[in-house]
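Grab your viewer and work through these short exercises. Each one has a task, followed by a solution in steps.

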Amino acid sequence: MGFCKDFAWGAATSAYQIEGAAYEDGKGPHIWDVFCCDNGRIACGESGDVACNHYHRFREDVAMMKEMGLKAYRFSLSWARILPDGTGAVNEAGIRFYQELIDALLDAGIEPYITLFHWDYPYALQQRGGWMNPESVEWFGNYARVVAEYFSDRVVNFFTLNEPQCFIGLSYQDGVHAPGVKAPVQDTFLMAHHVLMAHGRAVQMMRKYAKQEIRIGYAPTGSMSYPDSDRPEDIEAARTHLFAIPEQADRWTWNVSFWSDPVLFGTYPEEALERYGHLMPKFTQEEMRLIAQPIDIYGQNIYNGNRIRCGKDGKPEIVPRWQGFPKTALNWPVTPECLYWGPKFLYERYGKPIYITENGLSCHDAVSVDGRVHDPNRIDFLHRYLRCLKQSAEDGVDIRGYFQWSLMDNFEWHSGYAERFGLVFVDYQTQQRIWKDSAYWYRDLIRSNGDMID
Ligand code: NOJ
């Protein structure tokens with residue numbers, strides 16, 4: 001028992017956060033390139049111009065992954081590196097980079113998992129309205145076709161979108177991520193509808209143009225909910241809370257069901273229609289059918305959750321955290337239970353094989369006097385979280401893989417380089433990679449297929 005025999009032990013990254021080479025080899029600009037030039041938007045005026053310089057160091061990075069024993073690697077393609085204008089002509093140098101990366105991974109025995117879109121939206125398309133433009137659905141579909149044509153001969157696993165909650169919520173609701181706009185709430189609903197249709201269109205196009213049978217999924221995020229006790233009413237309260245729609249209109253993107261019910265069921269949740277129907281665009285059944293193209297695997301990025309109990313009024317209520325509650329360097333709560341209950345609730349609702357497409361934490365990592373990076377907090381976090389995931393698998397949830405965020409320290413969006421999420425420490429002055437203690441621990445864990453923890 002425990003994790004399945006061919007469990008995909010992996011690590012994840014995304015293009016803008018590690019590649020660098022932002023203006024090289026014909027890559028087109030994207031909204032993050034532009035946003036980072038806008039003084040004051042990013043901590044310390046940083047950008048992903050160089051990041052981990054992975055574009056030039058990918059062979060060394062793949063060798064490192066091999067040594068770590070990774071079975072799988074989830075990375076994203078930079079849309080604007082492949083199609084500099086978002087549509088139209090293909091940039092051969094960009095294609096070559098990803099083909100070489102994929103070949104290096106396959107040679108190293110590491111299964112590539114490609115994310116099509118991880119937030120770096122082509123600037124040329126943004127200038128044409130971005131997700132507000134109904135044509136954005138076809139733009140993404142066309143890009144997906146190019147991805148299928150060039151990469152599906154050797155890659156089987158694909159995720160369409162990473163965390164739509166964030167690239168709509170943080171970008172257009174809070175305005176802290178590129179392009180840094182606070183849009184009217186109706187606009188955020190319209191963009192979300194186009195995003196969901198774009199996902200469906202990409203699935204259609206990839207299936208049509210794939211060179212072999214591929215497996216397609218989706219990688220949303222969300223705070224999980226877990227019960228305060230094993231009492232059935234607390235369990236039901238946690239489930240209800242997990243799939244509930246926020247009451248505050250300016251927080252509406254922070255939920256699971258608005259983004260996943262349409263994809264899996266072809267319907268928006270009833271609660272969303274009741275509460276926000278008047279703000280949502282008119283949509284047709286045909287559009288909903290497009291969104292609900294069958295997918296093969298369900299990815300979910302899971303970092304933390306809330307403890308929930310059934311209140312006196314029968315409604316779910318959040319159990320307050322006490323002062324001194326365990327937290328990461330980013331002040332995110334440490335709540336391992338979310339890796340037991342999250343996958344369980346998601347599997348029970350959506351019925352698809354589950355991948356944890358991201359999980360991890362930022363720590364105050366530094367090189368010690370002995371030249372090593374000691375990160376006991378990360379090891380403890382991973383141990384606790386993975387123990388819960390293992391229990392979930394043992395209790396019948398079909399969990400196929402786990403991607404640690406992140407392979408190495410990288411550009412943490414508007415926090416710049418201040419947050420270190422990696423298993424591997426990156427010295428940004430020299431680009432030296434130094435394995436943190438957790439990287440060794442993770443290597444041993446993979447070797448034991450998770451048996452090392454109980
Ligand atoms: C979610 C995002 O997908 C990733 O880009 C980010 O770096 C991590 N979580 C950590 O915040």
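**Exercise 1.** Find the proline that follows a cis peptide bond and place it in the fold.

*Solution.* Start with the place: P179 is in the loop between helix 8 (164–173) and helix 9 (185–209), with helices being DSSP runs of H or I, at least four residues, and strands runs of E, at least two, numbered from the N terminus. Next, check omega: the A178 to P179 bond is cis, with omega near 5°.

A note on the source: this is a predicted model, where local features need pLDDT of at least 70, side-chain atom pairs count only at pLDDT 80 or more, and totals for chains, interfaces and linings use all residues. Residues are numbered from 1 along each chain as its sequence is written, and side-chain values use heavy atoms, with hydrogens and water left out.

**Exercise 2.** Locate the other cis bond, the one joining W405 and S406.

*Solution.* Go to the loop between strand 11 (399–405) and strand 12 (424–427), where S406 is found. Then read omega, which is about 15°.

**Exercise 3.** Is A21 buried or exposed?

*Solution.* First, look in the loop between helix 1 (15–18) and helix 2 (31–37). A21 isn't a glycine, yet its phi is positive, about 50°. Its relative accessibility is 3%, so A21 counts as buried (under 20% relative accessible area; exposed is over 50%, partly exposed in between; 1.4 Å probe, protein chains only).

**Exercise 4.** Do likewise for E163: what is its phi?

*Solution.* E163 sits in the loop between strand 4 (157–162) and helix 8. Its phi is positive, about 45°, although E163 is not a glycine. At 7% relative accessibility, E163 counts as buried.
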